[in-house]
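Please open the model in your viewer, with the sequence panel beside it, and follow the stops below in order. Each stop says what to select and then what is to be found there.

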Amino acid sequence: MTDFLVRIFIKDRDRVQDEKVRMAYGVLASIVGICCNLLLFVVKLTGGLLMGSISVMADAFNNLSDAASSIISFVGVKLAGRPADAAHPFGHGRYEYIAALIVAFLVLEVGFSCLKSSVEKVLHPERVHFDWVIVVLLAFSIFVKVWMAFFNRRLSKKIHSKVMEATATDSFGDVMVTSATVLSLLIGKWTGFLVDGYMGVIVSLVVLFAGFNIAKDTLEPLLGEAIDPEVYDKITAKVEGYDGILGSHDLIVHNYGPTHSMATIHAEVSNESDIESAHELIDRIEREVLRDLNIFLVIHMDPVEVRDASVLEHKRLVAQIVEELEPDASIHDFRVINGKEQINLIFDLVVPYSYGQEQEMTLVHQIMELVQQKDARCECVMHLENSFVQKK
């Protein structure tokens, strides 16, 4: 059914990096969500009125409120699809994260409401009126919500959408709440045990946990998260794949939405390179990264020594010592200044974020001691920094 709807309503469905295609996916998901929730609202409200069941009518209005999640998703996708302007040169893609955060709060609200009513039922248990018509209506609701959850989950993976992922989790939460209600009705009918409140508490905690995770995952790109290792490897492999680039470091990626990213990187070139030729190469890499990876890349060119045997030997020595002391650390921007009685080894030292100030100082002193054991004339001048990449 999902593939059928995508084929019918979305042109160029495989071009998921295209703004218009992403917007089409978002609009489809939102309209489907609104229609399904309105259908459940009408069915449950009609059934509740005919049977005089307050609980079924209350659940009907819960589905009506669920349509708000789809409307929020619709608005979020529309706003995120607005083109860049003078005030927002990188577009409006982060609106999608904001919409997902609002949906996350709706999930949390469902969890808190369910927890409150469940605790009341635990403290003051009441026998629930059993009716097979109610069970059938709730079972139909579960079927529709399960389909909606998988529908949104598939689309979210297709276009990497946080708001669709949040909507899918919202639907799964509704499935768990309704399933717990049906199970409690059946257990109460067949055993006489009043487990409605206890089942509700368990489900509420699961829903709250899911809502918290959605909010956490949505806040990370808004706050500025570290680079995903796969993205890091893709960009560095692309940059270092050009003849004339000897290495790279200090890659930083700024996310402005699922389809808008800006990055900066330091690319190492030979200090013997012609400056105009090197600049032309850097410009070509930036253009081709934008074309192939859809990332606006700014490259800082770092000249490195390639012939001086003394510099290369000192660099190899320091890199080996750092590797032995801390495998997760690295060095770059290595320079040597020779004096009559002292040799200054100047470089940047990248240490893990887990390091405290005391650990950093310990590592620095260990590097200095081991280097001077090899050559007493050497003095290390280090600038400490952290990596911008997520740990694998």
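**The whole chain**

Begin with the whole chain in view: its radius of gyration is 29 Å, whereas a compact globule of 392 residues would have one near 21 Å, the radius being taken over C-alpha atoms and the globule rule being 2.2 Å times the number of residues to the power 0.38. This is a predicted model, in which local features need pLDDT of at least 70 and side-chain atom pairs count only at pLDDT 80 or more, while totals for chains, interfaces and linings use all residues. Residues are numbered from 1 along each chain as its sequence is written, and side-chain values use heavy atoms, with hydrogens and water left out.

Turn the chain along its principal axes, and the C-alpha atoms fill a box of roughly 100 × 50 × 35 Å. Colouring by secondary structure should bring out 11 helices and 6 strands, which are DSSP runs numbered from the N terminus (helices H or I, at least four residues; strands E, at least two). Of the 392 residues, 43% count as buried, where buried means under 20% relative accessible area, exposed over 50% and partly exposed in between, with a 1.4 Å probe and protein chains only.

**First selection: Phe 90 and Tyr 256**

The structure holds 4 aromatic pairs; rings of Phe, Tyr and Trp (its six-membered ring) pair if their centres lie within 6.5 Å, and planes under 30 degrees apart count as stacked, over 60 as edge-to-face and the rest as tilted. Select Phe 90 and Tyr 256, whose ring centres are 4.5 Å apart with the planes at 10 degrees, so that this pair is stacked. The two residues are 166 apart in sequence, and the pair links distant parts of the chain: Phe 90 sits in the loop between helix 3 (54-80) and helix 4 (95-123), and Tyr 256 in the loop between strand 1 (247-255) and strand 2 (261-270). Phe 90 is partly exposed at 26% relative accessibility, and Tyr 256 is partly exposed at 23%.

**Second selection: Phe 150 and Phe 172**

Next select Phe 150 and Phe 172, whose ring centres lie 5.5 Å apart with the planes at 85 degrees, so this pair is edge-to-face. Phe 150 belongs to helix 5 (residues 132-159) and Phe 172 to helix 6 (residues 162-191), 22 residues apart. Phe 150 is partly exposed, with 48% relative accessibility, and Phe 172 is likewise partly exposed, with 24%.

**Third selection: Asp 12 and Asp 333**

Most residues other than glycine have a negative phi. Select Asp 12, in the loop between helix 1 (2-9) and helix 2 (19-51), where phi is positive, near 50 degrees; this residue is partly exposed, at 47% relative accessible area. Then move to Asp 333 in strand 4 (residues 330-338), which also has a positive phi, of about 55 degrees, and is partly exposed at 25%.

**Last selection: Asp 302**

From Asp 333, step to Asp 302 in strand 3 (residues 296-304). Is Asp 302 buried or exposed? At 7% relative accessibility, Asp 302 counts as buried. Leaving aside neighbours within four places in sequence, Asp 302 is in contact (heavy atoms within 4.5 Å) with His 249, His 266, Ala 267, Glu 268, Val 269 and Asp 333. To finish, draw a distance from Asp 302 to Glu 268: they are 34 residues apart in sequence, yet 4.6 Å apart in space, C-alpha to C-alpha.
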